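Please open the model in your viewer and keep the selection panel at hand. The tour below proceeds from one selection to the next.

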Amino acid sequence: MNDAVDPQSVPGTSAPSGFKARARHVLQHLDAVLPNVDALYADLHEHPELSGHEARTAAEVAWRLEAEGYEVSRNVGGHGVVGLLRNGDGPTVLLRGDMDALPVEEKTGLPYASRVRTKEGEPVMHACGHDVHTACLVGTAAVLARSRDAWRGTLMVVGQPSEETLTGAKAMLDAGLYARFGTPDAVLGQHTSPLPVGMFMHREGVAMMGSAHVRLRLFGRGAHGAQPQLSVDPVVLGASVVMRLQTIVSRALSPLEPAVVTVGQFQAGTRANVIPDEAVLELTVRTEDDAVQARVLAAIERIAKGEAAAAGAPKPPQVEVLNRGPVTRNDPALVGRVRDAHAEWFGHAALVPGVLGTASEDFALFAQGPEHPVPIAYWFMGVTPPKAWEAARGATLLEKVANVPGPHSGHYAPDRAGSLRTGCESLTVAALACLQGGSAPMDH
Ligand SMILES: [Zn+2]
Ligand SMILES: [Zn+2]
């Protein structure tokens, strides 16, 4: 049985009473758990796996959850792992950690740096901190399993594959995550960020933008490079399209509608003296709102068609949306509850005001319950080591954040001990803020 988390029952401005004592009672187990978390982290960091290939990582997560008494299901939507711990009547709380790595070459020089390459020779690195997320997920699952007298409810611990391709959450939901294991009352997730280690950032409403990946195929007519009059040059057409696309954000949207249109790929031609037949552009679009995304996509299509017509292209361009990431919209009451719990545990000085993230996540899909929307809360945890933070240029927090290595950089090197400890603490106290209190006397 699930008692729904009632956002009204706990005012958004204060944590539940006795909360800190309860958190302390649970986190007294953390020192015993941390060596395992640290070993798992170093192991995952050294052995990263690309999206869709997380077999080893999933196996490491699965046996550790089993060892702590979780009922574990493997291969839920690819390499997805689900661990259930039923501990009496109370809400069901889903804790999510993503497990995949990126095709990035590691340049941290750390003793546990990845030297992994795929069969095709592509470098692989945990450059997005998903190894931190996974290790902290397992650590949190362990401390909560060892303190069952302090809470009631059901924990659903989810190791998610394929976040970077924005396909893993959908695959797990399509594989019947909620039908098989129950619809949670709250879904919690955290992501590493270049903030200093020990700091946290929460944002009510939209935490991260939605994304769309678009491919434009522009058709021209090839010719000898010395005879342009015989061609419809797709390179020049593509260049006009790239320039004209810059007017979408600046001219077609209101200054109050944040959006990004980036052309990350432009491929055309093989030789200097040959005008090719076509050009292919790949774009990423980021918006805070699905309706704005629809307008941006319509504008891209209009510009591509208009420029192709102006160039006298032999046929209209092909416009394809290859994939979409949803807007991450935090439930205001739930994220407020998490923030209050973090303020109580870490102190208000550890929290920074929320800034809208332009990256995208498939975490948002967990909000799509079969019958009703599920409240989700996603926050950022700082991982930059104190020394790197001190050395970073900049006067303000945001300037310094821009000058330390961040996610997707080959130099991204989270503070190992600090990130793992604070990451376990943040996920644990967030879970506790959603679960029901237990029977343990809180006299610590
Ligand atoms: Zn990433
Ligand atoms: Zn990530």
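**Stop 1: the metal site**

Select Cys 128, which is buried, with a relative accessible area of 7%; buried means under 20% relative accessible area, exposed over 50%, and partly exposed in between (1.4 Å probe, protein chains only). This is a predicted model, in which local features need pLDDT of at least 70 and side-chain atom pairs count only at pLDDT 80 or more, while totals for chains, interfaces and linings use all residues. Residues are numbered from 1 along each chain as its sequence is written, chains are lettered from A and ligands numbered from 1 in the order in which they are written, and side-chain values use heavy atoms, with hydrogens and water left out.

Next, display the zinc ion (ligand 1). Its coordination comes from Cys 128 (SG), Glu 164 (OE), Glu 164 (OE) and His 408 (NE2), at 2.0 to 2.6 Å. Donors are N, O and S atoms within 2.8 Å of the metal (3.2 Å for Na, K and Ca); water is not among the atoms, so sites may look incomplete. The angles among the 4 donor atoms range from 54 to 150°, and the site is irregular. Four donors count as tetrahedral if all angles lie between 85 and 135 degrees; four count as square planar and six as octahedral if opposite donors are over 155 degrees apart and all others between 65 and 115; anything else is irregular.

Add the zinc ion (ligand 2): Cys 128 bridges it and the zinc ion (ligand 1), the two ions lying 3.1 Å apart. Cys 128 sits in the loop between β3 (92-98) and α4 (130-145), and His 408, 280 residues away, in the loop between α11 (397-402) and α12 (416-434). Helices (H or I, at least four residues) and strands (E, at least two) are DSSP runs, numbered from the N terminus. His 408 is partly exposed, with a relative accessible area of 42%.

**Stop 2: the sheet**

Select residues 209-308, which an unreviewed UniProt entry annotates as "domain: Peptidase M20 dimerisation"; such annotations may be inferred rather than shown by experiment. This stretch is 38% helix and 34% strand.

Now colour the open sheet, whose 4 strands follow the order β10-β12-β8-β13 with antiparallel pairing. Two strands pair if DSSP finds at least two bridges between them. At the edges are β10 (259-268) and β13 (318-325), each pairing on one side only. Between β8 (residues 210-219) and β12 (residues 278-287) there are 10 bridges; Val 214 has Leu 283 in β12 as its bridge partner.
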